[in-house]
Structures are given as C-alpha cells and as structure tokens.
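Work through the exercises below with the sequence and the model at hand. Each task is followed by a solution in steps.

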Amino acid sequence: MEPGEGSPQQIRQALLFFVFLGGSLVYSETWRYSVAEEMEIGSFIGNVVKDIGLGVEDLAARGARVIFDDYKPYLQLDRQTGNLILNEKLDREALCDLTEPCILNFQILVENPLQFFRAELRVKDINDHTPTFLDKHILLKISESTTPGTSFQMDSAQDLDVGKNAVQTYTLSPNPHFHLKLQDSEEGRKYAELLLDQPLDREKEPELRLTLTALDGGSPPRSATALVCVLVSDINDNAPEFETSVYEVLVPENSPLDSLVVKVSATDLDAGINGELSYSFSHVSRDIRKTFEIHPISGEVRLKALLDFELIKSYTINIQAIDGGSLSGKSAILVSVVDVNDNPPEIVITSLTSPIPENSSPEMVVAVFSLRDQDSGDNGRMVCSIQDNLPFLLKPTFKNFYTLVTESPLDRESRAQYNITITVTDMGTPRLKTEHNITVLVADVNDNAPAFTQTSYTLSVRENNSPALHIGTVRATDRDAGANAQVTYSLLPPLDPHVPLASLVSINPDNGHLFALRSLDYEALRAFEFRVGAADHGSPALSSQALVRVLVADDNDNAPFVLYPLQNASAPCTELVPKAAEAGYLVTKVVAVDGDSGQNAWLSYQLLKATEPGLFGVWAHNGEVRTVRLLSERDAAKHRLVVLVKDNGEPPLSASVTLHVLLVDGFSQPYLPVPEAEAADAAPAAPLTVYLVVALVSVSSLFLFSVLVFIAVRLCRRSGAASVGRCSVPEGHFPGHLVDVSGTGTLSRSYQYEVCLKRGSGTSEFKFLKSVASNHQESVNDVEENSNFINGFGFN
C-alpha cells in the first residue's frame, strides 16, 4: 500500500510494533537524502534501488512504500524506477522552526518477507524570509549628562531563516554621537548595542533620529530598518538671559492707569521646569513699586499710578528673571517721562445775535468770542476756523478775540437756520482741538408773493345744481413764514362786464373753496371764466392771480318738443293715404327737437297707440310713419295714431303727438316703395347675397325719392303764397327756449320749418329740416336715414 493512500492509523501502529519486536528485520544502516525547501512537487530526491540492494522488479512485487515518522506523505516512491519524488512543497521554518539541521526520518517498508530500511531527509534552508524589527520605532531617552562610552542595547531583528541566511550584521546611519557594537547571543544570533561617542547637549540638539539596518547573509542579502529616536533629557545647566541689558522706554505723562510700559523677555535654553522663568523687581525703591508693577509670567511692566513730567522725569528699574533651578539673570529699565499737549483750547462766547433778518447787509456782526490755551509754546498756538460753504466769515480782532460776520445776503426760504461749528486747534503734538456749536436763525422778510399751484383751473359742475354747492378749490402757497405766509383768496373783477360773477360764484377767503351761488342752466350758460387773487399779510402785501374756467355739464332737464305736426294748430292735421298704397308707403314724418345736448338730445320714436295695430309703423330714429302692410277693404277709413318721442337721458323724458290718418279712394301720389325684401321681414334669414341686393335696391330707391322731393320743393316755392294748404304753416322763428344756445343742439336758430299740403294734388308734401341757406348736406343725410327704414319700425 502507498504511503499517500490514507491507510488506517491502526495498521501503521501494528507495523511499527512489528518493527520494534522484530528488530532483526530492520537494517541498521541509515540512508540520507537532502532537498532544498520550497522545491516544486515532483522534484527528484534520490534512487533507493542501489541503497537497499533490491531490484526494480522486487519493489513492485513486494509492495515497497515510504513511511515518515509523522505519517505525512512528504515523498513518494516510484516502484517502477525506485526514484524518490517530492510529494509536496516543504517549508523548513514550518517543519523545524529554528532547529538546524532540519531532519525528517522515514522508513522504506517491503513485504514478503517484511523488511525495514531506515532513511532521513534533510531539508535545506533558503533565504526566503526578510529580517523584521518587532518595533519599527525605537525610543531612547538619554540625559545630556551621560558620559561617553555608555552603551544602550538595541532590540534585535527577527529572521525565520537559519545559518548564513539569518541576520548577520547591523549598520547605523552616520552621526557624530553614536556607533554600533555587535554582540552574539547565547542562541548564536547577533544583536547590536548603541555606544555614546560624544556628550549630548539638549540645547543644541534636543532630539536625534538614527536609522538602524539589519542584514542577513543570503545572496542577495535581505534587510530591514528601524527608526531610532534619541530624546536628550535636560539638566539645569543654563541661566536665564535678557534680550538686552538695559531697556529704554519713553512714556507720555498722560498715559492712563494699567498702560503697558514695556514687556521684558528673557530666555533659558533649558527645558521643563529648568526653563520656566519668573520676573520680578530687584532692589527698587518704594516710589517705583507704587508707580509700576511687573507680571511674573509675561514680563509686562504696567503703570499703577499716573505720571507727572513736572515731578519726576525718569525712572530706573532693576529687574531679574529666575528659572526653576534658581539660576537668575538681571537687566534694567530706563523709563523717560515725555511731556505731552494735554490741555485743549477753550472758546468763550462774548455775544451772539440771533435771529438776524434775511435782508441783512454783508459783514453784519453775528457773534464775538475769545480763545484760550493753558499750554505754552507750540502747544499754546491756536488756529480757528468754521465750516466751508457758509455765508459767514471769521475775522480776528484784538489778541485772541474773533468776530463772526455775514459774508453775503441770506435767504430764509433757502435756509432758515445755520448750525455753525467753531473749531479751534492748537499746534501741539498731538494736536488738540475744541469745537463749539452756535445756532443762527434767519428772520423772515416778506419777499415772496403767493404762488398758485396752477396758472389756470378748469372746474366742472352739472346744471340744476343746488345753491352753495362746492365746485372746486384753488390753492396758493407762500414760501415766507408767519404772517407773511398767510394767504387770503378773493374774486377779481370779471374781464367781461356782462357776466354776473357776483351772483354766480363765491370763494372762501381762508381756504380757496369755490361755491356756486345759484342753480346753473346749461342751456342759458355753458361756460364762464373769472380770475381769483391770493394776497399775503406781509407789509407791503404781495399777491398773485389765476384763471378759473367753469364748465356747466348738461343735465336731462328738457323734454322733447314736437315741431310737426303742431298740436296747438287751429285745425288738426290730417294725413291722406290712398287705399292702393303698398307696404312701406310714407304717411308723414314726426319732427321733434330737444333743448339738451349730447345723448340727452338723442331722440327715438315709437308708436304708442293705433286704431288698428299692425297697419302703421314708426321709424325709431327719424320719426317716419309708414304703412306696414297693404290696405284692405276691411280697414277703417279713419285712424288715430299716438307717437311717443323719448330722449336718451337718465332718466329719459318724453313727449307724444297725435296723428289723424284718412284712407281715401282714387288718390294717386308717388311714394317711396319698400323693397320686396321688406314684405318678407318675418321670413327666415336669407343668404348674404339676398341682403346685399336688398341694400342696393333700398339705397337706389331712397336716392330717387330724394330727387323727387327736391323737385317738389322747388315747385312748391314757385307757387308762393298762392298755394292754399289744409293745415296752418307756422311763420317766423321758434321760441328761444327750444333752441340750443351754442347752436350744437338738435336744431339751431338758423333753421325754420314749413309744413304744407298742396291744394289740388290730393296728397301731402313735406319739407323737413329745411335751412334758409338750403344746405345740400341735409339732403344727403336724409337719404342715409331712409336707407335704414326696414329695421326702423318699433315692431317686427
């Protein structure tokens, strides 16, 4: 059985038992083999055929095998060749540690008959380990008093290898104080000792850093390093020393208490308690101890009492520094007291004039004052000044007296008060200055007239206002002060003597509030202007004026007035309509005016009552009365229509007029036909093209009708007074209360209206808004109004 096949331990123990019992079966000769550690598996070790005297064929036949004492299969026997082959890598350090030589005993066992052959395997060391220091940093504390020749043992480096591969020598980095001495230990290993060559001085070199190197004997050699830190321990071998033997200090006499005079400093080359210093005075007088003190640790010398140059000009102070070992050093402080400029200048005001009028003449004396300084020499010389950019000057008079005078005229409105700072500076070192503030007030003079905030004011008031209504405010300001700034308002005489200003407005003299004294009428007076004045209470009084324009806003206070048909005529107007008239036949036109303006004068017409509803309609914007449908035999012959005229005011006002319409037979009169699309007004909406055609036809028809009306008017004028009408014609102008004052209302005075019915024609002819000047533009406007007739009725 092969050694590496894992035979049971009991069999191995039985084999060994037979070996000891049958000693005659064990050969006394021992064969020796060797191998270097870390060789590869399968390496050749030796051949046992020649050593044991057996043939190769016997090895296999008799079951030859290798058995080690620890039963580990380090080697393998090749039965075919008798070669011993390495079965695993061997580590000498793991097998034998530091034991040298490293021997592994084993037996070669053969059977039939049973025989044992003794053998040993020596594992040779190779340099496969680097020396190591257990502590990479070695700390040594050596007193600077240590004598040369003293040795200090160093820790050895460890190397798992043995023999020449172990640590063979040590080296030390070059230095002037130490060298190495090699020693052999009882185990045969080498170690190093550190020997002191020269005395150490901590004050020069308190710490040494050396490099210790360990080398083994391998090829190539391996090495390890460690840092040796030598700390030099101190001894008290140095006395304290001051920076200088004498400290010279200049101290101003006005130095405050606890001021730092000087800070002394001494050094001691020793360390620890030997280098700790304490400062103190040495053999000084009582005055010095009362005046100065020294801090024992920091060495700061401070003042305990105030200095006076006039009493003591200098001090000499002896000081000492003592270390922890009672060694001391000495020095002295020479304190020189310096005289300083410690008295500031003084200012004494003798007289002061305030306030002063703003119209004062230049060089008016405002103040007189004197200067004084208790110091002498340059410390007592003084320079006096005031701020720049002030209208004042300083003038020296007698000795140290000065006067403050005005340089230029003053203006209270620009600046009513001056804060003047008088500054006095001496010529000492350092310079001291004194400042004195005086306040000069400027008295007001009435040199500014009141000024209105606006050169003109525009106010608006609605007509029919209540009397004493506040309509606006004018405001004027005066830059003066006191009574010179009190403003009184008044109304100035009107530029137009026809304007009754006194009955229209009033003004509050204190605050400038304007009030309407009576109710205003837009139709009578639309706007007026007047001037207001503002005067102060100065002496002499100053004044200014502003223009005020009052605009009267229209109110809807006039109901529409019907011009045609007249309701108070001797004979009522009756309109004749032929029974053959088609839908859209013009029956008549209601003409009305409104005394108001703007939207208050916009009039609209609507049919309020009718004998037969649905037969007649009224155009809402021009008052034209037309037939809505064809007449029939069932319609009554007489019809009474009530037309309501309403303005667009708020609230709206209205008037009504009654029309009498008579249906007659055989009455032929051109009339303005309504386009065919008018009859189908209630029908569904036609396409856009239909509306365009209807609009074109309507415009053409209205234009033709306007031409016919124009020709009829001309013919009517030719007939003159011979024409006899069925209705009365008003002559002359209408009353003024129906007319817009400015000519911007519905109708102006330049218009007169004629309403007539020509005899013999059997029909009615109208002339509306006909100017004496025969303005052609009105005919064009009439055409534009008639173009919208289709949608102008008050019903569908």
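**Exercise 1. Find which cysteines form a disulfide, and determine the handedness of the bond.**

Step 1. This is a predicted model, and a disulfide here requires two cysteine sulfur atoms within 2.5 Å. The sulfur atoms of Cys96 and Cys102 lie 1.8 Å apart, and the pair forms a disulfide.

Step 2. The structure holds one disulfide.

Step 3. The torsion about the S-S bond of Cys96 and Cys102 is about 65°, and therefore the disulfide is right-handed.

**Exercise 2. Classify Cys96, Cys102, Cys229 and Cys384 as buried or exposed.**

Step 1. The cut-off for buried is under 20% relative accessible area.

Step 2. Of the disulfide partners, Cys96 has 13% relative accessibility and counts as buried; Cys102, with a relative accessible area of 1%, is buried.

Step 3. Cys229 has a relative accessible area of 12% and is buried. For Cys384 the value is 15%, so Cys384 is buried.

**Exercise 3. Describe the largest nonpolar core: its best-connected members and the elements that build it.**

Step 1. The core has 28 residues, and those touching the most other members are Tyr33, Ile45, Phe68, Leu75, Leu84, Phe106 and Leu121.

Step 2. Two or more residues each come from strand S1 (26-36), helix H2 (49-52), strand S3 (65-68), strand S4 (75-77), strand S5 (83-86), strand S6 (102-110) and strand S7 (115-124). S6 gives the most, with five residues.

Step 3. Take Leu84 as a test case. Leaving out residues up to four places away in sequence, Leu84 touches Tyr33, Ser43, Phe44, Ile45, Gly46, Val48, Val66, Leu75, Gln76, Leu77 and Phe106.

**Exercise 4. Locate Asn484, decide whether the residue is buried or exposed, and list what Asn484 touches.**

Step 1. Asn484 sits in the loop between strand S37 (476-477) and strand S38 (487-491).

Step 2. Its relative accessible area is 14%, so Asn484 is buried.

Step 3. With residues up to four places away in sequence not counted, the contacts of Asn484 are Asp444, Val445, Asn446, Asp478, Asp536, Gly538 and Ser539.

**Exercise 5. Identify the residues of the nonpolar surface patch that includes Val707, and assign Val707 to an element and an exposure class.**

Step 1. The patch consists of Phe703, Leu704, Val707, Leu708, Phe710, Ile711 and Leu715, which together have about 680 Å² of accessible area.

Step 2. Val707 belongs to helix H8 (residues 688-719).

Step 3. The relative accessibility of Val707 is 35%, so Val707 counts as partly exposed.

Conventions. Residues numbered from 1 in each chain as written. Predicted model: local features only at pLDDT ≥ 70, side-chain atom pairs only at ≥ 80, totals over all residues. Heavy atoms only, no water. Core = buried A, V, L, I, M, F, W, Y, C linked by side-chain atoms within 4.5 Å. Buried < 20%, exposed > 50% of the residue type's maximum accessible area, 1.4 Å probe, protein only. Helix = DSSP H or I, 4+ residues; strand = E, 2+ residues; numbered from the N terminus. Contact = heavy atoms within 4.5 Å. Patch = residues over 30% accessible without salt bridge, like charges linked within 9 Å, V, L, I, M, F, W, Y side chains within 5 Å. Areas by Shrake-Rupley, 256 points an atom, 1.4 Å probe, with all protein chains shown as cover. Salt bridge = Lys/Arg side-chain N within 4 Å of Asp/Glu carboxyl O.
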